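Biologist: I'm new to looking at protein models and would love a guided close look at one small part. Could you take me through it slowly and then show me how it fits into the rest?

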Amino acid sequence: MASQSDPSAARPPPMIDLPSFKSEAVIVSCTFYVIIAFLAVFGNGLVVASFIRHSRLRTITNYFVVSLAVADILVGVFSIPIWISMLLYSSGGRTLRDVYYVLDLFAGTCSILHLVTISLERFFAVVYPIRHRNTSAKVYYVFLVVVWVIPAAACGSALKLKEINRQGNMLFLFIGFFVMPLVVILFTYARIWRTASNRIQPSQDSARSMKRDMRIAVTIALVIGFFVIAWLPFFTVQLLLVFCEKCKPRIYSTELLLFLKFMHYSNSAVNPIVYAVKIPEFRRAFKQLVTLCLCCCKNQSNSRSAVNEILSVTDMRGASNNSQDRVLSE
């Protein structure tokens with residue numbers, strides 16, 4: 001009877017209580033996860049707020065950059081907290097694990113498709129500048145919808161395929177959402193660099209435009225590079241675990257799992273740092289927003305101190321009046 005009334009008895013134990021997990025490693029990892037979640041939400045929130053506040057940032061490329069920032073915010077708000085909860089509170093039942101799997105997979109596939117779309121947009125801007133300028137904005141809005149719809153559909157398919165054929169599911173994800181997008185990205189950037197190097201003595205206006213396009217291309221290339229660094233170890237280990245049963249005892253460890261999760265979660269926090277370093281418009285917008293927030297906090301604290309001073313003066317006057325009343329009554 002007591003076990004039926006106690007909800008903790010039916011709750012699966014957290015991962016930290018499992019024998020294979022070291023509590024010190026889990027606690028240290030969760031500390032870094034919390035920092036990454038804060039940076040992901042705060043940094044990408046600055047990206048979204050800067051885009052809304054400053055009209056100069058509302059370019060075609062930045063529409064996709066902001067959409068990518070929203071995907072990274074979802075990682076900080078949902079994926080990382082659920083993972084920390086599974087580590088410290090409860091590993092959860094099948095429903096929670098499926099929800100976490102879908103959210104985690106959705107964030108990763110959504111990020112890579114955003115990067116593919118951004119690289120294609122940069123490809124047309126540099127290689128076919130006239131066609132790029134004459135393309136209707138509706139085309140880009142359609143792509144904005146597509147980069148969200150395809151990951152959602154892929155996550156539903158992967159969840160079912162995982163139960164039927166785990167190896168097929170891993171190949172589907174690795175080839176469809178890592179290898180093929182990476183090939184497209186490498187092709188587009190090879191053409192961008194080739195086109196830029198072959199342009200001879202452009203006019204002053206076209207040179208300025210080319211310089212701006214190349215600065216954006218370098219920035220996105222850095223974002224893509226960090227994405228590969230963050231996700232390639234995860235995919236490599238997952239492939240070895242799925243296709244090489246003999247390799248599992250030698251390569252798998254809980255510390256490796258915690259590190260791989262740290263790597264691909266950190267990708268959601270690093271993009272705003274790249275924008276701040278490489279794009280002056282974003283850097284100025286970030287400074288203005290941070291300064292505005294600090295001023296608001298300072299004004300709020302000053303108003304609170306002023307209110308406290310008024311209340312303290314009122315209390316002192318009330319106390320003096322009470323003492324005067326006592327003297328008169330005596």
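Leaving aside its neighbours within four places in sequence, which residues is Ile 60 in contact with?

Modeller: Happy to help! A word on the ground rules first. This is a predicted model, in which local features need pLDDT of at least 70 and side-chain atom pairs count only at pLDDT 80 or more, while totals for chains, interfaces and linings use all residues. Residues are numbered from 1 along each chain as its sequence is written, and side-chain values use heavy atoms, with hydrogens and water left out.

Now to your residue. Ile 60 sits in helix α4 (a helix is a DSSP run of H or I with at least four residues, a strand a run of E with at least two, numbered from the N terminus). Once its neighbours within four places are set aside, Ile 60 is in contact with Glu 121 and Tyr 140, where contact means heavy atoms within 4.5 Å. Ile 60 and Glu 121 are 61 residues apart in sequence, but their C-alpha atoms are 8.2 Å apart in space. Ile 60 counts as partly exposed because its relative accessible area is 22% (buried means under 20%, exposed over 50%, partly exposed in between, with a 1.4 Å probe and protein chains only).

Let's follow Glu 121, the contact partner of Ile 60. Glu 121 forms a salt bridge with Arg 122, and their closest N and O atoms are 3.0 Å apart (a salt bridge is a side-chain nitrogen of Lys or Arg within 4 Å of a carboxyl oxygen of Asp or Glu). Both Glu 121 and Arg 122 are buried. Side chains of opposite charge can pair when their charged atoms come close.

By this rule the model has three salt bridges. Another one joins Lys 22 to Glu 255, with the closest N and O atoms 3.8 Å apart. Lys 22 lies in the loop between α2 (7-10) and α3, and Glu 255 lies in helix α11 (residues 254-278), so this pair ties together parts 233 residues apart in sequence. Glu 255 is partly exposed, since its relative accessible area is 32%. There is also the pair of Lys 261 and Asp 104, whose closest N and O atoms are 2.6 Å apart. This pair links helix α11, home of Lys 261, to helix α5 (residues 94-127), home of Asp 104, across 157 residues. Lys 261 is buried because its relative accessibility is 5%, and Asp 104 is buried because its value is 11%.

Asp 104 leads us back to helix α4. Ser 79 is in that helix, which spans residues 60-88. Outside its neighbours within four places, Ser 79 is in contact with Leu 74, Tyr 100, Leu 103, Asp 104 and Tyr 265. With 1% relative accessibility, Ser 79 counts as buried. On the other side of Ile 60 in the numbering, Arg 56 is found in the loop between α3 (23-53) and α4. Arg 56 counts as exposed, because its relative accessibility is 67%.

Finally, step back to the whole chain. Its secondary structure comes to twelve helices and zero strands. Of the 330 residues, 39% are buried. Among contacts between residues at least 6 apart in sequence, 81% join residues at least 24 apart. The contact of Ile 60 with Glu 121, across 61 residues, gives you an example to find in the model.
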